[in-house]
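Work through the following exercises with the sequence and the model side by side, and try each task before reading its solution.

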Amino acid sequence: MKKELKILMWENNDSDVKRIERQLQHGGFSTRVRRVNDQNSFLEVLAVESLDLILSEHRLPEVNGFELRAIASQKCPEAPFVFITGLSGTEKDIETMGRANMAYVLKNQLSDLGPLIHQVWLSAKQANQHRERMLSSRLESAWQLFNDVPDY
């Protein structure tokens with residue numbers, strides 16, 4: 001894992017921010033957290049920062065968490081997105097997250113945050129390596145095709 005994770009966090013509750021940061025430290029992460037609490041700030045950070053991870057509350061006052069995740073996946077596809085939510089385990093949105101294989105942790109189970117981040121970080125790293133191998137293979141094929149064309 002990298003020495004320091006650059007994290008974008010959308011969380012409105014100060015005490016939850018402190019609890020989340022404690023769990024990140026407890027999980028062995030060295031972090032630089034950039035906290036936002038409105039959509040414009042979120043979009044600005046996505047536009048200028050190279051991020052390693054995005055943490056977000058699910059229920060936000062001005063945007064749906066699923067919409068926010070979709071925006072983040074377009075603007076910063078290499079950064080895993082993890083919902084941190086206060087929803088109880090019986091709610092429809094939790095079922096949706098589970099079925100859609102979205103990473104999430106409940107606020108009353110923040111001890112799961114460290115292992116979850118290790119898991120999503122490893123998955124993202126493997127996906128990025130796969131994309132790089134595919135791109136390299138395509139470039140190699142293109143150069144081979146270019147070199148095989150006579151008199152070009």
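**Exercise 1. Determine which residues of helix H2 are exposed and which are buried, and where each group lies.**

Step 1. On one side of H2, Asn-40, Glu-44, Ala-47 and Val-48 are exposed, where exposed stands for over 50% relative accessible area, buried for under 20% and partly exposed for what lies in between, with a 1.4 Å probe and protein chains only. The model is a predicted one, in which local features need pLDDT of at least 70 and side-chain atom pairs count only at pLDDT 80 or more, whereas totals for chains, interfaces and linings use all residues. Residues are numbered from 1 along each chain as its sequence is written, and side-chain values use heavy atoms, with hydrogens and water left out.

Step 2. Within H2, which spans residues 39-48, Phe-42, Val-45 and Leu-46 are buried. Because they cover an arc of only 100° around the axis, they sit on the same side of H2; the arc is taken from the directions from the helix axis to the C-beta atoms. An α-helix has 3.6 residues a turn, so residues three or four places apart point the same way.

Step 3. The buried residues of H2 pack against strands S1 (5-10), S2 (31-36), S3 (53-56) and S4 (81-85) and against helix H3 (65-75), contact being heavy atoms within 4.5 Å. Helices (H or I, at least four residues) and strands (E, at least two) are DSSP runs, numbered from the N terminus.

**Exercise 2. Identify the buried residues of H3 and what they pack against.**

Step 1. Gly-65, Leu-68 and Ala-72 are the buried residues of H3. Seen down the axis, they fall within an arc of 55°, so they line one face of H3.

Step 2. These buried residues of H3 pack against S1, H2, S3 and S4.

**Exercise 3. Describe the surroundings of S1 and the strands with which S1 pairs.**

Step 1. Since five of the six residues of S1 are buried, S1 is largely enclosed by the rest of the structure.

Step 2. S1 pairs with S2 in the parallel sense over six bridges, pairing requiring that DSSP finds at least two bridges between two strands. Ile-7 has Val-33 in S2 as its bridge partner.

Step 3. S1 also pairs in the parallel sense with S3, over four bridges, and there the bridge partner of Trp-10 is Ser-56.
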